[in-house]
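Reader: I've got a model open on my screen and a few things to ask. Could you walk me through it?

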Amino acid sequence: MTSNIDSRQAFFNGQECWKNNDYIMARYWFEISYHDDNFRIESLSKLIQIEIKEGKYAKAREILNNNQDINSPVLKQTYGLLETIENNFEQSKKYYSECMLTPDMQYKSLLALAKLYVQTGDYELAAKMYQTLQLNPRFYIQSTIGLTCLSILEKKFYDAQQYIMKIDERRLIQKKKCYYNIFNVYIKYFLGQLKLSDNIYDPIKDYMIYRLFDQSDETLLFHIEKHKNQSEKATKGCFFKYTDTKKLLLDARKIIEDMNGNHFELTDMYRFKLDTPIGYKGELITNDLCVVTILGTKDIITMYPVSLSNEFDNEKFSTSEQLKLKRLQGGIKR
């Protein structure tokens with residue numbers, strides 16, 4: 001067994017790789033620290049979150065369901081995240097509410113609940129939670145971003161601009177500054193302040209912003225074709241080499257038209273099962289697709305294969321007319 005010193009260092013190495021979105025190395029380090037009882041639960045949570053980040057929701061649920069420490073607040077929080085992603089909002093609320101009973105997890109759980117209430121169309125309640133979290137310096141940026149995204153959903157774009165301006169860019173690390181820039185550009189897009197002549201962005205490096213200026217199917221399909229990279233089969237996953245992405249795009253547009261998006265910051269995600277296989281997640285063949293659109297719209301940014309669990313959308317929120325109406329009403333009240 002790895003010594004305590006090695007395990008501690010491995011855990012912190014994993015944390016650094018996680019922060020830098022290097023999930024391959026993060027998995028490597030967390031698999032080492034997992035064998036130390038002092039880091040086992042936290043390491044397991046991060047390993048499951050890596051599966052979630054890679055769209056391997058079935059694998060994430062399998063690990064959680066087979067774990068004996070499910071009563072751990074840390075793992076309940078992870079379960080809540082998975083349930084949110086798989087559209088089981090009531091079950092997610094149950095896990096997050098239980099985590100609120102653990103004192104050192106209250107703020108983190110409150111943030112998770114605020115995001116969840118955005119999903120369920122309870123915008124006033126979500127806003128109050130975000131405003132409470134703004135009083136804690138550790139959660140100020142995350143809660144302010146939450147209020148920014150909520151304002152965009154409510155089509156209160158000037159409010160969104162005011163919120164994002166309250167974040168002091170000078171205090172952000174470089175990675176966060178890039179993120180901050182994306183928010184600023186998106187808000188200008190929603191405000192109708194972008195001109196084609198403002199496009200100084202690279203279609204590959206800055207694709208998420210570039211797509212705002214060029215919404216042609218040619219640009220979109222060129223990007224989607226990159227998800228056929230077979231070398232990413234084991235991590236990010238990929239479409240089959242022979243997948244007709246043009247037809248898949250047409251089919252996806254029809255399917256998401258009647259669906260409720262799963263909000264994630266500046267994007268909406270539509271996940272669903274298809275009748276035929278489309279690609280790989282790891283070594284497994286999958287029928288499941290994730291379509292990503294600009295927040296609050298059906299304008300597709302990208303799409304890629306995922307692996308949904310057998311409990312995906314048990315609560316049927318993805319096609320709920322009641323949720324659709326509640327979201328519309330939630331945007332009217334505030």
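Author: Sure. First, a term we'll need: strands here are DSSP runs of E with at least two residues, numbered from the N terminus. Bear in mind too that this is a predicted model.

Reader: How many cavities of 30 Å³ or more are there?

Author: Rolling a probe the size of a water molecule over the atoms shows where empty space is left. The largest cavity holds about 30 Å³ of space. By the rule used here, the count of cavities of 30 Å³ or more is one.

Reader: Which strand gives the largest share of the lining of the largest cavity?

Author: Lining the largest cavity are Ile85, Asn87, Met259, Asn260, Asn262, Met269, Tyr270, Arg271 and Ser318. By class, that lining has four nonpolar, four polar and one charged residues. The largest share is three residues, and they come from residues 267-273, that is, strand 3.

Reader: Now for helix 5 and helix 6: is helix 5 roughly parallel or roughly antiparallel to helix 6?

Author: The axes of helix 5 (residues 73-85) and helix 6 (residues 89-99) come within 8 Å and cross at roughly 160 degrees. Angles over 145 degrees count as roughly antiparallel. So helix 5 lies, relative to helix 6, roughly antiparallel.

Reader: And how many charged residues are in the contact of helix 5 with helix 6?

Author: On the helix 5 side, the contact includes Lys76 and Glu83, and on the helix 6 side, Glu98 is one of the residues. By class, the contact of helix 5 with helix 6 has seven nonpolar and five polar residues, and the number of charged ones is three.

Terms used
Residues numbered from 1 in each chain as written. Predicted model: local features only at pLDDT ≥ 70, side-chain atom pairs only at ≥ 80, totals over all residues. Heavy atoms only, no water. Axes fitted to C-alpha atoms, helices over the stretch in contact; angles between N-to-C directions. Helix = DSSP H or I, 4+ residues; strand = E, 2+ residues; numbered from the N terminus. Parallel < 35°, antiparallel > 145°, perpendicular 65-115°, else oblique. Contact = heavy atoms within 4.5 Å. Nonpolar A, V, L, I, M, F, W, Y, C, P; charged D, E, K, R; others polar. 1 Å grid on protein atoms, 1.4 Å probe; cavity = no way out; pocket = protein on both sides within 12 Å on 5 of 7 lines; lining within 4 Å. Points joined across faces, edges and corners; volume = space filled by probe spheres on them.
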